[in-house]
Amino acid sequence: SEFDACIMYYLIFGTVFGGLIFVFGLAGNGFTLAIMGRDRKKSSTINALFMLAIADSLVLIISSYLLPVGVRKYVDGFYSDVNFNHVTFMFVREAARTFNQVSAFITMIVTFQRYVSICLPTRAKQLCSVRLVNILTTISYVFSIMFYLPHFFFYVIKVDENGRYHAVSRDFVENEAFQIIYSSILFLLVSYIIPIVSLAFMCIR
């Protein structure tokens with residue numbers, strides 16, 4: 001049919017490759033949690049890596065909704081569970097992006113531990129503590145959830161005459177100031193520029 005190429009795309013990249021990433025990623029994070037969990041209270045770096053494994057696991061688990069999509073489309077046709085796919089893509093995707101942001105922040109925390117140990121060894125006792133890592137991790141979760149919360153209200157679901165769902169933007173999403181300040185400037189700063197610049201600075205030093 002005309003959708004065969006699209007179905008194979010979902011099957012190969014969504015189900016097969018996505019499934020491999022999910023299995024190996026979750027297994028790797030599971031080993032990390034099991035091994036580092038015993039010593040995470042002894043070292044701030046180990047504690048940070050432990051927290052990173054949790055955040056990464058949450059991203060994988062939430063993103064797993066994509067895994068069966070290819071199989072369902074292959075077996076039942078391209079429009080199989082189209083409403084379910086539409087809703088999950090709109091909302092579950094945003095949850096995955098939220099925890100992906102948490103993962104980025106915790107990666108910065110891990111790198112910061114290394115940076116302090118190498119470049120600021122005299123302050124390591126103050127800045128490389130398990131308690132500080134826990135506080136920064138909590139702040140990362142709270143900030144990421146609050147920052148991405150508006151994304152869950154960008155759209156409302158409308159049903160057409162065929163019973164299919166469609167996303168319709170809310171009025172505030174179309175506001176020019178909102179698009180420039182939040183959707184462009186703040187989103188780029190928080191999600192990309194700040195993490196990349198911070199990591200580059202700490203790694204180069």
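**Exercise 1.** In this predicted model, how do the residues lining the largest pocket divide into nonpolar, polar and charged?

*Solution.*
Step 1. Take the whole lining, which holds 28 residues.
Step 2. Sort these residues by class: 17 are nonpolar, 9 are polar and 2 are charged.
Step 3. Locate the centre of the pocket: V59, S63, L66, A96 and N100 lie nearest to it.
Step 4. Assign the lining to elements: α1, α2, α4 (82-119) and α7 (176-204) each give two or more residues. The largest share, 9 residues, comes from α4.
Step 5. Add the volume, about 590 Å³.

**Exercise 2.** Describe the second largest pocket by its volume, lining and elements.

*Solution.*
Step 1. The volume is about 210 Å³.
Step 2. The lining consists of F105, M108, I109, F112, L136, I139, S140, F143 and M202.
Step 3. Two or more of these residues come from each of α4 and α6 (130-148).
Step 4. By class, the lining has 8 nonpolar residues, 1 polar residue and no charged residue.

**Exercise 3.** Where does helix α1 bend, and which of its residues are buried?

*Solution.*
Step 1. Helix α1 covers residues 4-36, 33 residues in total. From first to last C-alpha it reaches 45 Å, close to the expected 48 Å.
Step 2. The bend is at G18 and amounts to about 30 degrees.
Step 3. Buried means under 20% relative accessible area. In α1 the buried residues are I7, L11, G14, T15, G18, G19 and N29; G18 is thus both buried and the site of the bend.
Step 4. The cover over these buried residues includes α2 (44-63) and α3 (69-76).

Technical notes. Residues are numbered from 1 along each chain as its sequence is written. This is a predicted model: local features need pLDDT of at least 70, side-chain atom pairs count only at pLDDT 80 or more; totals for chains, interfaces and linings use all residues. Side-chain values use heavy atoms; hydrogens and water are left out. Helices (H or I, at least four residues) and strands (E, at least two) are DSSP runs, numbered from the N terminus. The expected span of a helix is 1.5 Å times one less than its number of residues. The bend at a residue is the angle between axes fitted to the seven residues ending there and the seven starting there. Buried means under 20% relative accessible area, exposed over 50%, partly exposed in between (1.4 Å probe, protein chains only). Contact means heavy atoms within 4.5 Å. On a 1 Å grid over the protein atoms alone, a cavity is a set of points where a 1.4 Å probe fits but cannot get out, and a pocket is an open set with protein on both sides within 12 Å along at least five of seven lines; lining residues have an atom within 4 Å of a point. Grid points are joined across faces, edges and corners, and a volume is the space filled by probe spheres set on the points. Ala, Val, Leu, Ile, Met, Phe, Trp, Tyr, Cys and Pro count as nonpolar, Asp, Glu, Lys and Arg as charged, and the others, Gly among them, as polar.
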